[in-house]
Amino acid sequence: MAPGMMQRIMKSAATRAVDRTGNDDSRKVSSHDLRRHFAHSCLVCERMNPRVVMGIGGWDNYQSFELYLNKLSIEAIVAEFAHASIV
């Protein structure tokens, strides 16, 4: 990808999001935010293999990726307790 291309794509997407929603906060979304959301969705919501997510997401350092492994969603917490046999 050409230098600056990702920034142009993000700016264009943010402008369209603001136009559609009227929410100016969309301008603050960064590629880092999207990458973090991708990791969280794959690991926590979809329970995907971390090595696959690392490869697809471009993480080459386990330490920089590890923080995404411990994030929990409300849905994941509820699902775990729904399957638990504790009362």
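Me: Before I start on α3, what does contact mean here?
Reply: Contact means heavy atoms within 4.5 Å. Keep in mind that this is a predicted model.

Me: OK, so what covers the buried residues of α3?
Reply: The cover includes α2 and α4 (62–66).

Me: And which residues of α3 are buried?
Reply: Val 53, Met 54 and Gly 57. Looking down the axis of α3, you'd find them within an arc of 100 degrees, so they line one face of the helix.

Me: Why would residues a few places apart point the same way?
Reply: An α-helix has 3.6 residues a turn, so residues three or four places apart point the same way.

Me: What's exposed on the other side of α3?
Reply: Arg 51, Gly 55 and Ile 56 are exposed there.

Me: Which residue caps the N-terminal end of α3?
Reply: That's Asn 49, with a side-chain oxygen 2.7 Å from the backbone nitrogen of Arg 51. Just after α3 comes Gly 58, which has a positive phi of about 85 degrees.

Me: New topic: where is Arg 47?
Reply: Arg 47 sits in the loop between α2 (31–45) and α3 (50–57). Its phi is positive too, near 55 degrees, and Arg 47 isn't a glycine.

Me: Is Arg 47 buried or exposed?
Reply: Exposed, because its relative accessibility is 55% and the cut-off for exposed is over 50%.

Me: Last one: which residues make up the largest nonpolar core?
Reply: There are eight: Ala 39, Cys 42, Leu 43, Val 53, Met 54, Trp 59, Phe 65 and Tyr 68. Both α2 and α3 give two or more residues to this core, and α2 has the largest share, with three.

Key:
Residues numbered from 1 in each chain as written. Predicted model: local features only at pLDDT ≥ 70, side-chain atom pairs only at ≥ 80, totals over all residues. Heavy atoms only, no water. Helix = DSSP H or I, 4+ residues; strand = E, 2+ residues; numbered from the N terminus. Buried < 20%, exposed > 50% of the residue type's maximum accessible area, 1.4 Å probe, protein only. Core = buried A, V, L, I, M, F, W, Y, C linked by side-chain atoms within 4.5 Å. Arc of directions from axis to C-beta. Polar contact = N/O pair within 3.5 Å; in protein donor to acceptor, adjacent residues only side chain to side chain.
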